[in-house]
Amino acid sequence: MRMHTFGRTAVISGTALAMALGTASAASAAGRPGHRAPAAHYFVFTKRHQGFAHRDRVGAFHAQVKLTGRYSRLYPMPWSFQITSAKLRAIARGRAVCTATGLNGHYHDRHVIPVGYVWHSTVRPHRVRKVYTLSGTCTFPVQVGGRPGRAFVGFAFHYAINPDARGVSPKAAGSAITTTVRYGH
């Protein structure tokens with residue numbers, strides 16, 4: 001996932017960041033050197049598992065692929081992401097510019113939305129058993145402890161589609177959503 005830079009940037013101090021995000025770890029959110037980013041989800045859509053949902057302190061992500069009854073062989077995947085953190089919404093000082101990419105660069109989505117709005121779209125076409133990544137970033141102005149800044153909220157979702165799999169259960173590891181708060185001068 002690519003993060004955008006706006007002029008000179010600096011990471012907000014651990015105290016200000018902890019105040020903004022509450023119980024989230026300031027060290028992990030700030031992306032300090034040596035910190036390992038959480039592993040993204042890997043999920044296999046099957047006839048038994050046609051939907052995926054993830055929620056943490058930052059937001060909620062949902063995706064689904066219809067694989068029963070009459071369904072498209074293009075395997076469209078409707079998805080949605082919403083910033084649900086009341087603390088992030090409280091420090092927001094403007095609309096979010098949200099961009100998503102997937103299908104090895106063949107899918108792009110961009111919206112300017114209120115922070116907390118349910119951002120949604122559909123990715124297609126997919127090939128069976130190929131692993132894909134859908135990633136997105138929302139950037140918006142914030143004010144933390146009287147200091148203006150810019151928040152970057154992102155997600156990465158790794159998945160495959162296999163309608164012929166039988167008895168396969170979802171595979172998941174770690175968090176699909178990472179958060180970074182920065183401010184510019």
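A cavity here is a set of grid points where a 1.4 Å probe fits but cannot get out, and its lining residues have an atom within 4 Å of a point.

**Entry 1. Overall content.** I note that the model is a predicted one. I looked up the secondary structure and found three helices and eleven strands in the protein chain. I then read the order of elements from the N terminus, which is β-α-α-β-β-β-β-α-β-β-β-β-β-β. I recorded that the protein chain has 185 residues, of which 43% are buried. For contacts between residues at least 6 apart in sequence, I found that 65% join residues at least 24 apart. I put the exposed surface of the protein chain at about 9,800 Å², with 51% of it supplied by carbon and sulfur atoms.

**Entry 2. The cavity.** I asked how many cavities of 30 Å³ or more the structure holds. I found one. I read the volume of the largest cavity as about 40 Å³. Which residues line the largest cavity? I listed Phe 81, Ile 83, Ala 96, Cys 98, Ile 113, Pro 114, Val 115, Gly 116, Tyr 117, Trp 119 and Cys 138. The elements giving two or more residues to this lining are β5 (77-83) and β6. By class, I counted ten nonpolar residues, one polar residue and no charged residues in the lining.

**Entry 3. Phe 81.** I took up one of the lining residues, Phe 81. I located Phe 81 in strand β5. Is Phe 81 buried or exposed? I classed Phe 81 as buried because its relative accessible area is 2%, and the cut-off for buried is under 20%. I also looked up a pair that is distant in sequence: Phe 81 and Gly 136 are 55 residues apart along the chain, and their C-alpha atoms are separated by 9.0 Å.

**Entry 4. The β6-β7 hairpin.** I looked at strand β6 (residues 96-102) and strand β7 (residues 107-113), which run antiparallel and are joined by seven bridges. I asked which residue in β7 stands opposite Ala 96. I found Ile 113 there. Both Ala 96 and Ile 113 are also among the residues that line the largest cavity. The two strands form a hairpin with four residues between them. In the turn, I noted that Leu 103 has a positive phi of about 50°. Asn 104 is found in the loop between β6 and β7, and I read its phi as near 55°, a positive value in a residue other than glycine. I classed Asn 104 as exposed because its relative accessibility is 58%, and the cut-off for exposed is over 50%.

**Entry 5. Other backbone points.** I kept in mind that most residues other than glycine have a negative phi, and most peptide bonds are trans. Against that, I noted Tyr 75, which has a positive phi of about 50° although it is not a glycine. I placed Tyr 75 in the loop between β4 (59-64) and β5. Its relative accessibility is 5%, so I counted Tyr 75 as buried. I then asked which form, cis or trans, the peptide bond from Arg 124 to Pro 125 takes. I found the bond to be cis, with omega near 0°. I located Pro 125 in the loop between β8 (119-123) and β9 (132-144).

Technical notes. Residues numbered from 1 in each chain as written. Predicted model: local features only at pLDDT ≥ 70, side-chain atom pairs only at ≥ 80, totals over all residues. Heavy atoms only, no water. Pairing = 2+ DSSP bridges. Buried < 20%, exposed > 50% of the residue type's maximum accessible area, 1.4 Å probe, protein only. Contact = heavy atoms within 4.5 Å. Areas by Shrake-Rupley, 256 points an atom, 1.4 Å probe, with all protein chains shown as cover. 1 Å grid on protein atoms, 1.4 Å probe; cavity = no way out; pocket = protein on both sides within 12 Å on 5 of 7 lines; lining within 4 Å. Points joined across faces, edges and corners; volume = space filled by probe spheres on them. Nonpolar A, V, L, I, M, F, W, Y, C, P; charged D, E, K, R; others polar.
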